[in-house]
Amino acid sequence: MAGILDLSGKEKLNILGLMSGTSCDGLDLALIEISGLGSKTEFNVIACESLAYSVQTREALLSFLRRPDHTLKEISQLNFYMARLWADQVEQFFRNKNLKRFSIDLIASHGQTIWHQPFKDLFFETQTTSTLQLGDPSVLANYLQIPVVGDFRVADMALDGQGAPLIPYFDWVFFSRFKKNIMAVNIGGISNITFVPADGDFSKLKAFDCGPGNMLIDGAMLHLFKKPFDTEGNLARSGKLSEKLIEQLKSSDPFIEQMPPKSTGREQYNETFLNNILLFAGKNNISAEDTIHTLSYYTAESIYKNYCMFIDAHQPDELAVGGGGSKNSFIMEKLSDLFNASAIKTTAQYGLDEDFKEAIGFAILANETIHGKPSNVPAISGASRPAILGKICLV
């Protein structure tokens, strides 16, 4: 039975990061060996793997997230179900990579976001924000008999922060070593950016969600082509930009021009939003290929527009692009066109596998947590002060 002192007293820790994103396609697992804290953090990646959910599980999860009316029983059951599912996948990861359970000191689990409301709303006569990630970390810890740090967002939100983005702390730890003005761009379901200054000054970090990443593209692909995503952006490349549709997107999406701190998710870019866009495209005889092209361009343009509005004083030397969108060559080409004075690279070119950036990032956050160190960035999230993130679940 490992206590906090046992873990924090070790010179190095083996931490397994888990990430299940808004696309609900599977679990990313990244095992790192880590030492040091903050700017002195050093880590080596031991093993990484993405384990897909079954078609039935993914469809059930997406259906759950799209529905507005859930019973308390469904939410409670899913909370335990996700922990059980991930425990099984962690066991599979151990087998696939020939790892021993006792070699893992700690697990970092982001959880599955089912609700994220960063802006206050009147609830029981009180202005309230909230976030909910399922896959309870205590359940996961006890299934696996390995300590877990999870539920990272709530501490920041309790201090009037948005609970997102949290990966900027990792971006600072990792990219500051390159001594360049680097804008780390993550294109998952949602796109977000972190500006890391060449001098590594923590106080100069800027980060926020930009808008849709792959979420609208993937949803449109499913509706229009019965495919889960646009492989390498090939369908987008076969179409052309629809000025009517791009204007409709801009008028329907106030989030793009919203001032930071800001974060978003399916609450903004949900099935209703997508259906309205597809309905508009149909009424205006915009082809399916042109729709995918325009949505893909909108992802790139939203990133550029946010850069121009909120980070323009700091011209990035390089863009480090991660997430599933980094594999979409059409989006990468559009970013290159828009950021014509900056080098466009994938995070892999920095020695960081883009598929596992977030899983590694939460492992880094868990290391800070187990040592009692804050790892939010109040200037980015809007929190009133630094916070130690996550709940520590021992076994």
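These legends go with a set of views of one predicted protein model.

**View 1. The whole chain, with its 14 helices and 13 strands.**
Start with the overall picture: the C-alpha atoms fit a box of roughly 65 × 50 × 50 Å along the principal axes. The radius of gyration is 20 Å, which agrees with the value near 21 Å that a compact globule of 395 residues would have. Look at contacts between residues at least 6 apart in sequence, and 70% of them turn out to join residues at least 24 apart.

**View 2. Inside and outside of the protein.**
Of the 395 residues, 54% count as buried. The exposed area comes to about 16900 Å², with carbon and sulfur atoms supplying 52% of it. As for charge, there are 36 positive and 45 negative ones, and their mean positions sit 2 Å apart.

**View 3. Helix H7, residues 215-225.**
Here a run of residues is tucked away: Met215, Leu216, Ile217, Asp218, Gly219, Ala220 and Met221 are buried. Note that the run takes in an aspartate, Asp218. Just after H7 comes lysine 226, with a positive phi near 60°.

**View 4. The hairpin made by strands S5 and S6.**
S5 covers residues 112-123 and S6 covers residues 126-134; the two run antiparallel, joined by eight bridges. For a landmark along the pair, find histidine 116, which faces threonine 131 of S6. Two residues lie between the strands, and in that turn phenylalanine 124 has a positive phi of about 50°.

Key. Residues are numbered from 1 along each chain as its sequence is written. This is a predicted model: local features need pLDDT of at least 70, side-chain atom pairs count only at pLDDT 80 or more; totals for chains, interfaces and linings use all residues. Side-chain values use heavy atoms; hydrogens and water are left out. Helices (H or I, at least four residues) and strands (E, at least two) are DSSP runs, numbered from the N terminus. The radius of gyration is taken over C-alpha atoms; the globule rule is 2.2 Å times the number of residues to the power 0.38. Buried means under 20% relative accessible area, exposed over 50%, partly exposed in between (1.4 Å probe, protein chains only). Contact means heavy atoms within 4.5 Å. Accessible areas come from the Shrake-Rupley method with a 1.4 Å probe; for residues, only the protein chains shown count as cover. Lys and Arg count as positive and Asp and Glu as negative; His and the chain ends are not counted. The place of a charge is taken as NZ of Lys, CZ of Arg, CG of Asp or CD of Glu. Two strands pair if DSSP finds at least two bridges between them.
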